[in-house]
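Please look through the structure shown below before reading on. The report that follows takes up a few strands, one loop residue and the enclosed and open spaces.

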Amino acid sequence: MLVLVLAACLLLRDSEAQTPTTPQPQSPMGGISSAGTFAPVYDSEKRPITAGGTVDKDQGTVVFEDATREAGLSHWRHVMGTPDKKYILETDGSGVGLIDYDNDGWLDIYFVNGSTYDALSGKKTPPHAALFHNNHDGTFTDVAAKAGVTNDRWGFGVAIADFDNDGWPDIFVANFGKNRLYHNNHNGTFTDVGEKAGVTLGNWSDGATWGDYDGDGRLDLFVSGYVHYDLKHQATATSGTVPFAFCQLHGVPVMCGPHGLQGEPDHLFHNNGDGTFTDVSVKAGVSDPGAYYGFTAIFVDVNNDGKVDLLVANDSEPNYLYINKGDGTFDNQSYISGFALNQEGREIASMGLAVGDYMNNGLVDLLVTDFADDYKALYRNDGDASFTDVADEAGIVQMAVPFVGWGAGFPDYDNDGWKDVMMINGHVYPQVDQHDWGTTFAERPLLFRNLRNGKFEYVPPVKGSGLAVLTSGRGAAFGDLFNNGKIDVVINPIDGPPVLLKNVNPDHHHWVGLKLVGGEKSPRDAVGATVYLTANGMRQREDVMSGGSYISSNDQRPHFGLGDATDAGTAEIHWPSGATEMVKLPAEDRIFTITEGKGITGVLCAKQPCLARRVPKATATRPAKLGKP
């Protein structure tokens with residue numbers, strides 16, 4: 001059925017695009033799993049749809065604007081190997097983390113950087129990661145050197161969390177080579193404690209996520225492994241070490257892998273509470289004995305039993321879903337849950353992973369981005385940790401097929417109370433720009449609006465707007481960077497400057513944000529908490545997570561759109577400790593700090609200090625109680 005739909009209409013309106021042919025199965029292109037080969041698709045101006053398809057302002061809405069330069073981010077550049085991307089190490093890109101590192105109430109931005117072979121050999125200075133401090137005026141200043149977080153290694157993923165419960169967020173960076181764990185010193189600087197903590201590993205770590213899997217109130221760390229890589233023996237199409245089928249695209253030699261290369265296993269580190277961690281991967285049942293090519297991982301409660309489960313998106317291998325058994329171990333339910341494969345019963349080149357309740361039914365759904373010439377997956381949660389890939393019927397398949405998807409999110413961009421879908425894209429092979437294959441190395445983002453009935457509507461990019469920006473996107477983070485109640489997007493490309501997509505959607509909908517502070521039996525930053533907001537005739541869900549999108553870390557403050565409602569509603573907070581707390585929110589368009597067991601303990605208003613406006617008195621909170629969601 002899906003193939004027939006795609007054969008009828010793949011991209012855009014019929015008047016703007018060529019009709020694709022039915023995909024023909026073939027061996028994995030370039031060693032990456034895909035559905036087959038589709039006919040190239042061009043827009044009305046004969047541009048590949050990955051770089052075209054824009055509309056005039058009178059035909060669409062400007063949702064995002066490119067604010068990179070005015071924000072002061074454009075001078076920093078991400079570097080990943082060489083421009084020709086001869087080896088797989090150079091192609092996957094790095095993540096970006098949103099972190100309020102100085103606890104001033106404003107999100108700062110941490111960009112992981114890659115490296116070069118000359119830097120690894122000591123011939124040149126390595127490219128630095130960036131920590132952009134939020135100046136509260138729409139601009140940012142890079143303070144990475146002063147903060148001591150430049151990394152100077154070949155970086156990939158980032159996960160933000162307060163691992164020692166001291167009230168200050170820390171930074172874990174997954175590297176090729178030794179990982180880093182930057183401990184926040186509370187004075188604008190960090191110290192790398194990775195060696196002491198025992199989490200450095202040493203080969204190719206890719207994604208990471210923090211979560212309190214055993215309920216002891218301390219955050220544990222999961223790290224996904226990608227390829228077991230040897231710099232002295234890097235496979236090429238002519239080396240003879242990997243079959244040519246895994247090193248070609250349309251018969252043209254490209255970088256090899258991941259198929260044909262040795263994988264790297266995953267690791268779960270238990271937090272010992274003294275600054276050290278113990279590798280419990282095998283004991284917990286999440287060691288990845290098949291050494292799949294792991295990318296994005298997320299701890300989140302998928303079956304509503306109050307315990308965080310573990311999701312891992314694997315590149316060109318079946319995905320993992322580990323259900324938390326509550327005794328320190330996990331049950332691998334990847335296949336029985338429906339998450340291992342797509343609706344065709346086939347593994348996909350899973351890269352980005354987003355978690356969100358797009359149906360507003362209290363169950364978290366999953367969005368997975370993957371390679372071009374394949375169907376991006378939307379796993380609807382049917383309850384009891386059972387998922388169905390409904391991407392085709394939801395309406396997000398046709399447009400996305402030619403794109404190589406990385407960053408993924410469920411941002412409610414218009415604050416109507418319904419989560420939308422966004423994908424950040426960029427091709428793997430720079431060779432595509434040299435051939436008439438209907439695709440490009442730099443690609444534009446994709447946005448789909450939630451129609452509130454299980455379906456989504458494609459939002460066309462207006463010329464010159466943020467959705468029309470072309471970048472070789474990889475990591476992306478979603479969050480309210482300007483504390484104005486609108487969700488913005490920060491993109492870390494494979495090469496070049498970052499992209500800041502500032503949300504300028506013209507809606508006047510109301511919203512509310514929450515900053516959660518855990519009590520003595522919860523992680524201090526409340527990672528693992530679930531919040532249900534009852535307002536505007538609906539019940540929304542948000543989860544506090546570390547990790548996601550594509551090996552990145554989003555804003556950890558639950559955000560809820562309220563539409564036209566002026567009653568902010570009631571928040572039902574399920575803390576990681578097992579306590580449940582009801583808090584009546586006294587006003588809209590504010591970010592409330594809620595401390596476990598104490599209710600509202602702080603408030604930040606949008607656009608101007610709360611002291612300049614009359615703030616309604618907070619309603620008394622119901623005392624916390626123990627109980628399952």
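What follows describes selected local features of a predicted model.

## Strand β4 and its two partners

Strand β4, which spans residues 130-134, is mostly covered, with 5 of its 5 residues buried. In a regular strand the side chains alternate between the two faces of the sheet. The burial of β4 extends to both faces, since A130, F132 and N134 on one side are buried and L131 and H133 on the other are buried as well.

Strand β3 (residues 108-111) runs antiparallel to β4 and is joined to it by 3 bridges; within this pairing, I109 of β3 has F132 of β4 as its bridge partner. Strand β5 (residues 140-142) is likewise antiparallel to β4 and joined to it by 3 bridges, and here H133 is partnered by T141 of β5. The connection between β4 and β5 is a hairpin with 5 residues between the strands, and in its turn H136 has a positive phi of about 70°.

## An open sheet of four strands

Further along the chain, 4 strands form an open sheet in the order β34-β31-β37-β38, and the pairing within this sheet is mixed. The edges are taken by β34 (559-563) and β38 (599-605), each of which has a single partner strand, so one side of each is left without a neighbour in the sheet. From one strand to the next, the twist averages 25°.

Strand β37 (residues 590-595) pairs with β38 in the antiparallel sense over 6 bridges, and one of the bridge partners in this pairing is G599 of β38, which faces T595 as its partner.

## A buried aspartate in a loop

D414 belongs to the loop that connects β24 (405-409) with β25 (421-425). Although D414 lies in a loop, its relative accessible area is 6%, and it therefore counts as buried, the limit being under 20%. Leaving aside residues up to four places away in sequence, D414 touches D420, R449, N505, D507 and H509.

## Enclosed cavities

The model contains 5 cavities of 30 Å³ or more, and the largest of them has a volume of about 470 Å³. This cavity is lined by 32 residues, of which V355, F410, E542, N554 and D555 are the closest to its centre. The elements that give two or more residues to the lining are β20 (353-356), β24, β28 (473-479), β33 (538-543) and β34. Strand β34 thus appears both in this lining and at an edge of the open sheet.

In composition, the lining of the largest cavity divides into 12 nonpolar, 12 polar and 8 charged residues.

## The largest pocket

The largest pocket has a volume of about 570 Å³. Among the 30 residues that line this pocket, D100, N103, K515, L516 and R557 are the closest to its centre. Two or more lining residues come from each of β2 (96-99), β6 (154-161), β31 (510-517), β37 and β38, with β38 giving the largest share, 4 residues. The strands β31, β37 and β38 of the lining also belong to the open sheet.

Which classes of residue make up the lining of the largest pocket? The lining divides into 15 nonpolar, 7 polar and 8 charged residues.

Definitions and conventions. Residues are numbered from 1 along each chain as its sequence is written. This is a predicted model: local features need pLDDT of at least 70, side-chain atom pairs count only at pLDDT 80 or more; totals for chains, interfaces and linings use all residues. Side-chain values use heavy atoms; hydrogens and water are left out. Buried means under 20% relative accessible area, exposed over 50%, partly exposed in between (1.4 Å probe, protein chains only). Contact means heavy atoms within 4.5 Å. Two strands pair if DSSP finds at least two bridges between them. Axes are lines fitted to C-alpha atoms, for helices over the stretch in contact, and angles run from 0 to 180 degrees between N-to-C directions. On a 1 Å grid over the protein atoms alone, a cavity is a set of points where a 1.4 Å probe fits but cannot get out, and a pocket is an open set with protein on both sides within 12 Å along at least five of seven lines; lining residues have an atom within 4 Å of a point. Grid points are joined across faces, edges and corners, and a volume is the space filled by probe spheres set on the points. Ala, Val, Leu, Ile, Met, Phe, Trp, Tyr, Cys and Pro count as nonpolar, Asp, Glu, Lys and Arg as charged, and the others, Gly among them, as polar.
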